[in-house]
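Biologist: I am new to this structure and would love a close look at one part of it. Could you start at the beginning of the chain and then walk me slowly through the part you find worth a careful look?

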Amino acid sequence: MNFEIAIPSFKRAGILQERTLKMLEGCDDAPIVVYCETEVDKYVYELSGITLPIEVTNTIGIGEKRNHIIKRGYEKGLDFIVMLDDDIKYLVDGDGCRY
């Protein structure tokens, strides 16, 4: 299965690390990509210690960024894109169990 976990983020490297990336610990085999808006943002994310691939979207706002991610997924030939916000603390399944 060809997929990617895409995390659009805007100037929240610390929150991304404290929440979503912490939640994804142990998913070492999953292809995770962080999407930010500018080269400066990418540099700040790298300085904060994020070692995942970071792609610059050159977009304004979350709508444009999400559309960019979907377009890139199509260009990459992905079967699925799992798009997660940068501030997720946990996921909840249908039985109310938190992960």
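**From the start of the chain to helix H4**

Modeller: Happily! Met 1 is exposed, with a relative accessible area of 79%. Before we go further, please keep in mind that this is a predicted model. Met 1 belongs to the segment before E1. Setting aside its neighbours within four places in sequence, Met 1 is in contact with Asp 79 and Phe 80. Another residue to look at from here is Leu 78: 77 residues separate it from Met 1 in sequence, yet the two C-alpha atoms are 8.4 Å apart in space.

Now to helix H4, the part I would like you to look at closely. Helix H4 covers residues 61–76, which makes 16 residues. At 1.5 Å a residue they should span 22 Å, and the end C-alpha atoms are indeed 22 Å apart, so the expected and the modelled lengths agree. Which residues of H4 are buried? They are Lys 65, His 68, Ile 69 and Gly 73. If you look down the axis of H4, these buried residues fall within an arc of 140°, so they line one face of the helix. Turn to the other side of H4 and you will find Asn 67, Lys 71 and Tyr 74, which are exposed.

What lies over the buried residues of H4? The cover includes four strands: E1 (3–8), E2 (32–36), E3 (54–56) and E4 (80–83). Just after the helix comes Gly 77, with a positive phi of about 75°.

Let us pause at one residue of H4, Lys 65. Its relative accessible area is 2%, and because buried means under 20%, Lys 65 counts as buried. Leaving out residues up to four places away in sequence, Lys 65 touches Pro 8, Ser 9, Phe 10, Tyr 35, Cys 36, Glu 37, Thr 57 and Thr 59. Further along the chain, 24 residues from Lys 65, sits Lys 89, and the C-alpha atoms of these two are separated by 22 Å.

One of those contacts, Cys 36, leads us to helix H3. Asp 41 has its place in H3, which runs over residues 39–47. Not counting residues up to four places away in sequence, Asp 41 touches Cys 36 as well as Lys 11. Asp 41 is buried, at a relative accessible area of 5%. Its partner Lys 11 is exposed, with a value of 56%. You will find Lys 11 in the loop between E1 and helix H1 (13–18). Lys 11 has a positive phi of about 55°, although it is not a glycine.

Asn 58 has a positive phi of about 55° too, and it is not a glycine either. Asn 58 lies in the loop between E3 and H4, which brings us back to our helix. This residue is exposed, with a relative accessible area of 64%.

To finish, have a look at the empty space. The largest pocket holds about 180 Å³. Its lining is made of 13 residues, and those nearest its centre are Leu 21, Asp 28, Ile 32, Thr 51 and Leu 52. Sorted by class, that lining has seven nonpolar, four polar and two charged residues.

Notes
Residues are numbered from 1 along each chain as its sequence is written. This is a predicted model: local features need pLDDT of at least 70, side-chain atom pairs count only at pLDDT 80 or more; totals for chains, interfaces and linings use all residues. Side-chain values use heavy atoms; hydrogens and water are left out. On a 1 Å grid over the protein atoms alone, a cavity is a set of points where a 1.4 Å probe fits but cannot get out, and a pocket is an open set with protein on both sides within 12 Å along at least five of seven lines; lining residues have an atom within 4 Å of a point. Grid points are joined across faces, edges and corners, and a volume is the space filled by probe spheres set on the points. Ala, Val, Leu, Ile, Met, Phe, Trp, Tyr, Cys and Pro count as nonpolar, Asp, Glu, Lys and Arg as charged, and the others, Gly among them, as polar. Helices (H or I, at least four residues) and strands (E, at least two) are DSSP runs, numbered from the N terminus. The expected span of a helix is 1.5 Å times one less than its number of residues. Buried means under 20% relative accessible area, exposed over 50%, partly exposed in between (1.4 Å probe, protein chains only). The arc is that of the directions from the helix axis to the C-beta atoms. Contact means heavy atoms within 4.5 Å.
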